[in-house]
Amino acid sequence: MNNIILQCINLSKSYQDDIKTIHILKNVSFCLNKSDIAVIIGKSGSGKSTFLHLISGLEKPTFGTILFDDIPLNSMSSNQIAKLRNSKLGFIYQFHHLLLDFNVLENVAMPLLISNKSIKEAKEKSYEILMKINLGKKINKYPSELSGGERQRVAIARAFVNKPKLIIADEPTGNLDAYNARIIFDLIFELNNNLNTSFLIVTHDLFLANKAHILYEIKNAQLNIKKNIK
């Protein structure tokens with residue numbers, strides 16, 4: 001049985017300017033096992049966000065292969081990739097990107113509604129995940145009525161509501177103070193333990209980086225392992 005959820009083979013991304021070719025990523029090979037939490041660190045502009053965009057199908061590589069659950073993204077159409085993102089991937093960003101005109105329950109339910117689930121089912125599943133992260137009493141609140149930490153927890157609930165196989169997180173604690181960042185750390189590891197969801201996280205936060213199962217660094221267009229505790 002294949003235990004790999006995500007694999008990149010000789011992945012490269014480059015741009016051509018008037019003078020030379022600029023390599024953002026060059027011949028990167030990467031493997032993420034199911035239920036692992038991997039963190040990527042690196043200086044600003046090193047290619048971390050580009051890597052996330054490539055593996056989620058938001059950008060196309062210059063060359064190389066990306067396999068998600070043994071399915072090559074390279075051979076998928078834009079519509080197929082969009083369906084995959086909605087059903088099997090969850091996304092958490094530095095900014096929560098909640099819809100300000102919708103309450104907490106409606107925001108979390110949005111991915112389910114987009115995938116044509118009934119309103120009843122979408123709300124029931126959204127309430128279930130909100131209860132798990134202690135936001136059951138906030139379902140009728142709007143984003144403007146929540147703290148920064150609560151808004152980020154709602155964003156995490158939204159990422160989890162479809163029970164994705166992989167959560168991709170880009171600086172998930174970047175806008176939070178140390179107290180709320182620790183709450184998000186604990187929540188990520190709790191959900192990983194309970195639901196066996198894989199995580200791929202880009203962060204500058206060394207506390208989160210040191211808690212990861214596997215720690216990578218992007219430097220000079222290469223992705224290298226710095227720590228592996230599994």
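**Note on helix packing and a buried serine**

1. Helices α3 and α4 are oblique to each other, because the angle between them, about 120°, lies outside the ranges that count as roughly parallel, roughly antiparallel or roughly perpendicular. This is read from a predicted model, in which α3 covers residues 104–114 and α4 covers residues 119–132, with the two axes 8 Å apart. The crossing of α3 past α4 is right-handed.

2. As for the residues that form this contact, α3 contributes V104, L105, V108, A109, L112 and L113, while α4 contributes I119, A122, K123, K125, S126, Y127, I129 and L130. Sorted by type, the residues of the contact of α3 with α4 comprise 11 nonpolar, 1 polar and 2 charged.

3. A second helix pair is formed by α5 (residues 148–160) and α6 (residues 178–195), whose axes come within 10 Å and cross at roughly 20°. Since angles under 35 degrees count as roughly parallel, α5 is described as roughly parallel to α6. Here too the crossing has a stated hand, with α5 passing α6 in a right-handed sense.

4. On the α5 side the contact is made by G149, Q152, R153, I156 and F160, and on the α6 side by N180, I183, I184, L187, L191 and L195. By type, the residues of the contact of α5 with α6 divide into 7 nonpolar, 3 polar and 1 charged.

5. Helix α1, which spans residues 48–55, is largely enclosed by the rest of the structure, because 6 of its 8 residues are buried. The buried residues of α1 are K48, T50, F51, L52, L54 and I55, and a reader checking backbone geometry may wish to look just after α1, where G57 takes a positive phi of about 80°.

6. The last point concerns a single residue, S198, which lies in strand β8 (residues 198–202). With a relative accessible area of 1%, S198 counts as buried, because that value falls under the 20% cut-off.

7. Which backbone oxygen does the side chain of S198 reach? The side chain of S198 comes to 3.4 Å from the backbone oxygen of N33. Apart from its neighbours within four places in sequence, S198 is in contact with I5, with L32, N33, K34, S35 and D36, and with K165, L166 and I167, so that N33 appears both as the partner of the side chain of S198 and in the list of residues in contact with S198, for which the cut-off is heavy atoms within 4.5 Å.

Note on methods. Residues numbered from 1 in each chain as written. Predicted model: local features only at pLDDT ≥ 70, side-chain atom pairs only at ≥ 80, totals over all residues. Heavy atoms only, no water. Helix = DSSP H or I, 4+ residues; strand = E, 2+ residues; numbered from the N terminus. Buried < 20%, exposed > 50% of the residue type's maximum accessible area, 1.4 Å probe, protein only. Polar contact = N/O pair within 3.5 Å; in protein donor to acceptor, adjacent residues only side chain to side chain. Axes fitted to C-alpha atoms, helices over the stretch in contact; angles between N-to-C directions. Parallel < 35°, antiparallel > 145°, perpendicular 65-115°, else oblique. Left-handed = near helix turned anticlockwise from the far one by under 90°. Nonpolar A, V, L, I, M, F, W, Y, C, P; charged D, E, K, R; others polar.
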